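User: I would like to learn how to read the features of a protein model. Could you guide me through one?

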Amino acid sequence: MPRHCCVTGCSSNYTRKNEKSEFTSTFSVLSECKGNDEKLQNWLRQIPRPTDNFPLNINTVICIKHFAEEFIIRIDTATRPDGSVLSVPRKIPKLAKDAYPSIFHNCPSYLSSEPPTKRRKPEDRQAEMQTRDNQALQQFLTLDKVASFQELCLNFPKHIPQSSLWNFKVTDSCLLFYIVDLSDVPCIRVSIRVTDAMSVIICCGGYRVDGRNLDWVIGKGGKLESYSQLTVS
Ligand SMILES: [Zn+2]
């Protein structure tokens, strides 16, 4: 025989004649608040009651409809020895330790209140920030990647600052950046040539710089792979 909910106006587990009964889960007020008088007093303040002489005993129950969903545990989880998590739906839901009744649809609306949004744990916030950082990094790397020589020829001006001393020339087989020295006999002071195979060749003062000395500028292999390698000013 299901027990009747103690909340004023709640018809859970009451059946009228010729009506099919529908079972609603209930929780014993005293069992749920056992050993925690502060919790019990809070529950009693929350629960709308017909009189102050509330018959409070072990059979005094409140139904599940008066609890916000975040307080209701419907699934049990257990961690297996291999670290995987086993989830089993509960036949009978139970309440979280910090649950309290706050929803009273058949009572004046001022008696119902939404529980405050639970503060998230610092580790959850940290994990969320890390996910955001990883997404931002992934996005940067995707946008920064040079897909092909043709794409480079189209997009490189966006990556060169307006105030840059670098001039450039595009041909079918290479993209050339260079700085002209006009101080004495005009000459090309330094040039960077990116071939259509994306190899980078740097010349300085009329000499080609040995590829092995370029590793610190353009990475190993002397290949241009990302626009951030072009951050010349
Ligand atoms: Zn109820």
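Analyst: Let us begin with the interior. The model is a predicted one. In its largest nonpolar core there are 16 residues, and those that touch the most other members are Cys5, Cys6, Val7, Val61, Ile62 and Cys63. Strand β2, residues 61-63, gives the most to this core, with 3 residues. Apart from it lies another core, of 7 residues, among them Leu175, Phe177, Ile192 and Val200.

User: Which residues is Ile62 in contact with, leaving aside its neighbours within four places in sequence?

Analyst: Setting those neighbours aside, Ile62 is in contact with Cys5, Cys6, Val7, Thr26, Phe27, Val29, Ile47 and Pro101.

User: How should I describe the protein chain as a whole?

Analyst: One may start with the elements and their order. The protein chain holds 5 helices and 9 strands. Along the sequence, they follow the pattern β-α-α-β-β-β-α-α-β-β-β-β-β-α. Burial and contacts can then be added to this description. Of the 233 residues of the protein chain, 13% count as buried. Among contacts with a separation of 6 or more, 50% come from residues 24 or more positions apart.

User: How do I read a sheet, and what is the strand order of the open sheet of 5 strands?

Analyst: One reads which strands pair, and in which sense. In this open sheet the order is β5-β6-β7-β8-β9, and the pairing is antiparallel. The edge strands, β5 (167-170) and β9 (207-208), each pair on one side only.

User: How are the strands of this sheet joined to one another?

Analyst: Let us take the pairs in turn. Strands β5 and β6 run antiparallel and are joined by 4 bridges; Asn167 has Tyr178 in β6 as its bridge partner. A hairpin of 3 residues leads from β5 to β6.

Between β6 and β7 there are 8 bridges, and these strands also run antiparallel. Here Asp181 stands opposite Cys187 in β7, and the hairpin that joins β6 to β7 passes through 5 residues.

Strand β7 (residues 187-195) is joined to strand β8 (residues 200-204) by 5 bridges, again antiparallel. Arg193 has Ile201 in β8 as its bridge partner.

User: Where does Pro186 lie, and is Pro186 buried or exposed?

Analyst: Pro186 lies in the loop between β6 (174-181) and β7. To judge burial, one counts the other C-beta atoms within 10 Å; a residue with 12 or fewer is exposed, and one with 20 or more is buried. Pro186 has 9 such atoms, so Pro186 is exposed. Beyond its neighbours within four places in sequence, Pro186 is in contact with Val180 and Asp181.

User: What does the same count say of Ala99?

Analyst: Ala99 is placed in the loop between β4 and α3. Ala99 counts as buried because it has 20 C-beta neighbours inside 10 Å. Not counting residues up to four places away in sequence, Ala99 touches Phe67 and Phe71. Sequence distance and spatial distance may also be set side by side: Ala99 and Cys33 are 66 residues apart in sequence, with their C-alpha atoms 9.8 Å apart in space.

User: What can be said of Met198 in the loop between β7 and β8?

Analyst: Two features may be read there. Phi of Met198 is near 70°, a positive value in a residue other than glycine. Met198 has 16 C-beta neighbours inside 10 Å and therefore counts as partly exposed.

User: How do β3 and β4 pair, and what is the phi of Gly83 in their hairpin?

Analyst: Strand β3 (residues 72-79) pairs with β4 in the antiparallel sense over 7 bridges, and Thr79 has Val85 in β4 as its bridge partner. The hairpin has 5 residues between the strands, and Gly83 takes a positive phi near 95° there. Strand β4 (residues 85-95) is hardly covered, with a count of 0 buried residues among its 11.

User: How may I check the length of a helix, and how many of the 23 residues of α3 are buried?

Analyst: The length can be compared with an expected span. At 1.5 Å a residue, the 23 residues of helix α3 (residues 122-144) should span 33 Å, and the end C-alpha atoms are 32 Å apart, which agrees. The count of buried residues in α3 is 0, so this helix is hardly covered.

Methods: Residues numbered from 1 in each chain as written. Predicted model: local features only at pLDDT ≥ 70, side-chain atom pairs only at ≥ 80, totals over all residues. Pairing = 2+ DSSP bridges. Helix = DSSP H or I, 4+ residues; strand = E, 2+ residues; numbered from the N terminus. Expected span 1.5 Å × (residues − 1). Contact = placed C-beta atoms within 7 Å. Core = buried A, V, L, I, M, F, W, Y, C linked by C-beta atoms within 7 Å.
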